[in-house]
Amino acid sequence: MTRECAVLLPGVCAALADPRQPGLDDTCLEKLLDWFRSLTWFDPTVELMQDNPCLTEFITSVLALPDPSPSILSFTLQLAGILASSETRFQHLQQEKLLGRLFGQEGPRGGAAWEDASVRSAWVKGVHSMVHHQPALHFLCSTGGMDVIFALQGDPSLFVASAASQLLVHLLTFSLESETPKALSAKDCDWPACAQMIVKHIEESLQSSSASHREQSLKLLSSLFGSCFGSCYAAWTEVLWLDIAKQIESFLLEETVQAQPVLANLLLNVARSPVFCGTEGSFWALVTSALEHLTPVQAGPLAVGLLKLCKCPQDVRIQALTVLLQPMDCILRAASQPLECAGLLDESVSDPVTVERLLSSKTSCAGLLCQTLAHLEKLLSLKHLRVDLPCVSLLRSLMTILQFCNGFLSPASPLGSTISRNLINCFRVQKSALDVLAVLPEKKDCGTLIGSLFDVLLAYLQSPNTSPTVLKKTFQATSKWLVHLQELSCSNSQWQQTEKILEDVFVVLQKRLCSPCWEVRDSSLEFLTAMVKCLRDQKEFRQCLLSSEVLRLTENLLEDPESYVRASAVTAVGHLAFITCFAPESAVTGNPYNKESIVGKLQEILSTDSEGFPRRAVISIFTMWLREGCTGQLEDTEQFVSRVIQIVEHDLDWEVRLGGLELVEGFCSQTICQLSQCPYAPASSAVTSSSPQKELLQVFCRAKLFGFLFRSLCDCDKPVGQRACDVLIGLRGHFYPMSTLENPQEIEDSPAGRGVAWLQRTLRQGSLAQNFPTDGGGRVDFQDPESMMLALGAIDLLELHDELNKSSDHVEESPQSLLQDILATVGIIEDNEVDCY
C-alpha cells in the first residue's frame, strides 16, 4: 500500500462505518474489495492489518451498529473474508474475536439482516475467500457453517444457491489437498472430516424423498466432477463414484425423476475424468443405459459430448452417434413409403416410436430437430471425428427437411405428412439445416447427390417466401457447394452440369440484387464476393459472370440508399476488379470496367460518402489491392497511396484513418522489399547513406507518408496513434537497426534539427496537439528526407509507444483516486481536491 493510500484509508473506513453518511455506490465498494484482494494476494503477512489498524476498527464499528445497512454489512463480510485468507491475518482477527461475530453462530446468519439475499451472498463469498488454510476450515466446521452452506444450496436466490454450490466444491477439493488415499477401495479410504460431512450430505440428499434436495445434490456432483476435482483427485473421484453409482442408476430407471437433464450432464463430467478412460467397468454400462433411457432431447447433449471424448469406448461412441442420427433417420423414412433408399441406421438405441411421437407433435418437432442439427454441425466441424458419419444419407435427410419446410415435398406416409405440416415455413429448422449443409461439402461421397442438392438450394433462392435470414444462410451454403462443384467438375469433367448450375445461380442473383429488401441486396452482394474469392480463376465462372447483368447491377448498388448495401457493393466491386480490371484478358480497348474508372469511383466514395461503413470498405479494398500487387509500378503505387492518405487523413471515422495506416504499412513493406538489395535485410548501420536508403526516404517523403504518420501519433483515438507508432518504429528499425542517434543537443543546433526538436516537444502533448500546424517558423518539413531521417533517429518512439499503450484509466482508477472519490462522495474532502471519474 502506498503512503498516500495509507493516509486516506482511515477516513474512508470511518465514513463507511458512519450510519449518518449517505450510502455509497455498490460499484465503489466492489472496486475497494478488488483493491484489497490485490493487496492480500501479494502479501500474506499480518503487516497490512498492523500498519492499518483502521481496518479492524472498521469491522468492530460495523458490528456495533444496531441495524447496519445490507450493503455495508455485505462489504464487511467480504472484506473480512479477504483479510482472513492468510493464516496470520486469520489469527489476528480471531484474537480480536471478530470472525465468530461475522461468520459464526452469533453473526448475521441468525438475525433479520439474513433476510437480505445480498447479505447471504456476501457471507458465502467471505467464507470462500477465507478458507485457504486449515485453521479457517476447522473454524467453519466447528461453528456450524457447513449446515448453513447446505441450506443455502436451496436458497430462493439463484445467485446465492450457485455460490453455495461452488463453495462446497472448493471446500471438498481444499480438504483433500493434503490427503492421499491409501487405496482405491472405498473400504480403505477415510474421508477427511470436512469432506466426510459433504459426502454424507450428498448421499443423504440423493436418498431424500424431496425432489429438490435430490436435484441439488446432482447439480453439486456435476459441478464437482466438472471441476479440477475430477481430473486432479483420481483416487477420490473413484471412491466418490462408487458411493453414489447405484443411486444414479436407480434414477435413470425411474421415469418420474425430473432431474434427468442434470443426470446427463453429471455422466458427461464423470466421463471426462481420467479415472474412467478404460474400456471396461460398470461406468460405461451406466452411460449406455442413460443413452437408452433418457429422452432424445435429454440424451442429445450427452451423446455429442461423448463423441468429442478421446478415450470413449468405440461401442459407446457408436451408440452416441446413433442417438443423434435417430431423428434424421426418422425424417428419411417418413419421406417415402416404402423406403426408396437406405436409411441412416440399421437399428435404434431407444424406441423409434419415441422419436416419431416427438416429431409428430407441433410443439416438440422443431425443438428436437434444431437441437439435433446443432449437434451434428459441431461434430462435422471437428477435424478428427472418431466415428464414420453416413454423410450421403445425412445429406439426403437434410434435403428432405428443407423440402418439408418449403412445402416442395409431398410424402406418401402419414407420419411424413404430419412432419411436413409441422415444419412448413419453420425458419428455425431451415436455418439449422442450412448450417449443417454448409459444413458437409468437405465430406467424402457427397458429390453423388449434387444435382438434386442444387435443385433444393435454387428453389430456396428463387422462392419469394424465403425469409431474408434463411436466404442469407442459403447463399452461404450455396457458395460452399459451388466450390465443391468446381472440384468435382475438374476431376470428372462434368462441365455441362457445372455451367448449367452457374447460369441458374446468376439468373437468381440478378433478381435478388434488385430486391426491394435491403437485407436481401446485402446478402446477395456478400454471396457474390464469396464466389469471386473462391472461383475467380475458374473459366466457367468468369464466362457466366461476364455474360450476366451482375456486374452492372453491382456497380449500380454503389449508390444504394442503404449504407450497409453500399459497403457490401464496394467490397464486391473490389473483388470483381480481379476479373474485370486486373486479369490479363481484361486489358481490352473500350472495357467499361477499366482500372482508372473503378479507382475513381471508389475514391469518390471515400471522399464524399456520408456513412462510415462504405468508406471503411473502400480503404480495406485499397489495402487488399496493394497487398495483391494490383496498384501498378512503384511510381503509380506511390501516387495512389499519396492520394488516398490525403483523403483519409481528415476522415472523421477513426476506423477509416486506421485503415489508412494499414495501407501505409503495406506500402512501406513493399517499397523496402523492392528497393533494398536484399528484400528483408535492414540497413547496415545508422550512418549509412547508400542510394537505396536515400531513394526510400525520397519515395516516402514524396508520398507524404511522414506527415500522415506523425500527425496520427496525436490522434484523439488511441488505436490510430498506436498503429502509427508501430509503423514508425518499424521504419526506424530499417534505417537505424543498431541504435538511435545520440547527442540530441547537436541535432537541435542544426536547421533541420530545430524542426525535429519542435516535433518531439509537440508529440509529448499527445492528443492535445492533434491539429498541430506544419508550416512556418521553425516547424519540421515532413517532405524533407534529411529532417525525416533525423526525426526517426532522435524522437523517442519507444517512450511514445509506452504512453500510448497505457490504459486510459491508469490514473483515474488508481486506488488513491478511488479513496479520494469515496471521501468526496461523503463530503469529507472538497470536489476540487479529487479527480473524479
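Which residues does Ser563 touch, if we do not count residues up to four places away in sequence? I would like to begin there, with the reminder that what we are looking at is a predicted model. Ser563 touches Glu611, Phe613 and Pro614, and its own place is in helix H31. With a relative accessibility of 9%, Ser563 counts as buried, because the cut-off for that word is under 20%.

Right beside Ser563 in the sequence comes Tyr564, which is also found in helix H31. At 38% relative accessibility, however, Tyr564 counts as partly exposed. Together with Trp518 and Phe613, Tyr564 forms a nonpolar patch on the surface, and the accessible area of these residues together is about 270 Å². Phe613, then, appears twice in this part of the talk, as a residue that Ser563 touches and as a member of the patch.

Let me stay with helix H31 and turn to charge. Side chains of opposite charge can pair when their charged atoms come close. In this model the count comes to 22 salt bridges. One of them joins Asp609 and Arg566, whose closest N and O atoms are 2.8 Å apart. Arg566 sits in helix H31, which covers residues 563-580, while Asp609 sits in the loop between helix H32 (595-608) and helix H33 (612-627), so this pair ties together parts that are 43 residues apart in sequence. Are the two partners buried or exposed? Asp609 is buried, with a relative accessible area of 13%, and Arg566 counts as buried as well, at 11% relative accessibility.

A second salt bridge, at 3.0 Å from N to O, is formed by the side chains of Arg616 and Asp653. Here Arg616 lies in helix H33 and Asp653 in the loop between helix H34 (634-648) and helix H35 (654-675), so the pair ties together parts of the chain that are 37 residues apart in sequence. Arg616 counts as partly exposed at 26% relative accessibility, whereas Asp653 is buried, with a relative accessible area of 12%.

The side chains of Glu662 and Arg723 also meet in a salt bridge, with 3.6 Å between N and O. This pair links distant parts of the chain, since Glu662 is in helix H35 and Arg723 in helix H38 (residues 718-735), 61 residues apart. Glu662 is partly exposed, with a relative accessible area of 25%, and Arg723 is partly exposed too, at 24%. Returning to Arg616 and Asp653, I should add that salt bridges with shared partners join these two and Glu655 into one network.

Now to the aromatic side chains. A pair of aromatic rings is described by the distance of the centres and the angle of the planes. A search of the whole structure finds 17 aromatic pairs. For Phe506 and Phe541, the ring centres are 5.7 Å apart and the planes lie at 40°, so the pair is tilted. Phe506 lies in helix H27 (residues 495-513) and Phe541 in helix H29 (residues 539-546), so the pair ties together parts that are 35 residues apart in sequence. Both of these residues are buried. The rings of Phe700 and Phe706, by contrast, have their centres 6.4 Å apart and their planes at 75°, so this pair is edge-to-face; Phe700 and Phe706 are buried as well.

Elsewhere, Phe225, Trp241, Phe283 and Trp284 form one aromatic cluster. There is also a charge placed over a ring, since Arg536 lies over the face of Phe578, at 4.0 Å from the ring centre.

I will close with two pieces of helix packing. Ala477 lies in helix H26 (residues 468-492) and is buried, with a relative accessible area of 0%. Leaving aside residues up to four places away in sequence, Ala477 touches Leu434, Leu437, Ala438 and Leu457. From Ala477 to Phe527 the distance is 9.7 Å, C-alpha to C-alpha, although 50 residues separate the two in sequence.

The other piece is helix H4 (residues 54-64), whose buried residues are Cys54, Leu55, Thr56, Phe58, Ile59 and Val62. Which helices do the buried residues of H4 pack against? They pack against H1 (3-17), H2 (26-42), H3 (47-51), H5 (70-83), H6 (87-95) and H7 (99-103).

Definitions and conventions: Residues are numbered from 1 along each chain as its sequence is written. This is a predicted model: local features need pLDDT of at least 70, side-chain atom pairs count only at pLDDT 80 or more; totals for chains, interfaces and linings use all residues. Side-chain values use heavy atoms; hydrogens and water are left out. Buried means under 20% relative accessible area, exposed over 50%, partly exposed in between (1.4 Å probe, protein chains only). Helices (H or I, at least four residues) and strands (E, at least two) are DSSP runs, numbered from the N terminus. Contact means heavy atoms within 4.5 Å. Rings of Phe, Tyr and Trp (its six-membered ring) pair if their centres lie within 6.5 Å; planes under 30 degrees apart count as stacked, over 60 as edge-to-face and the rest as tilted. A charge sits over a ring if NZ of Lys or CZ of Arg is within 6 Å of the ring centre and within 35 degrees of the ring normal. A salt bridge is a side-chain nitrogen of Lys or Arg within 4 Å of a carboxyl oxygen of Asp or Glu. Patches are made of residues with over 30% relative accessible area and no salt bridge: like charges are joined within 9 Å, nonpolar side chains (Val, Leu, Ile, Met, Phe, Trp, Tyr) within 5 Å. Accessible areas come from the Shrake-Rupley method with a 1.4 Å probe; for residues, only the protein chains shown count as cover.
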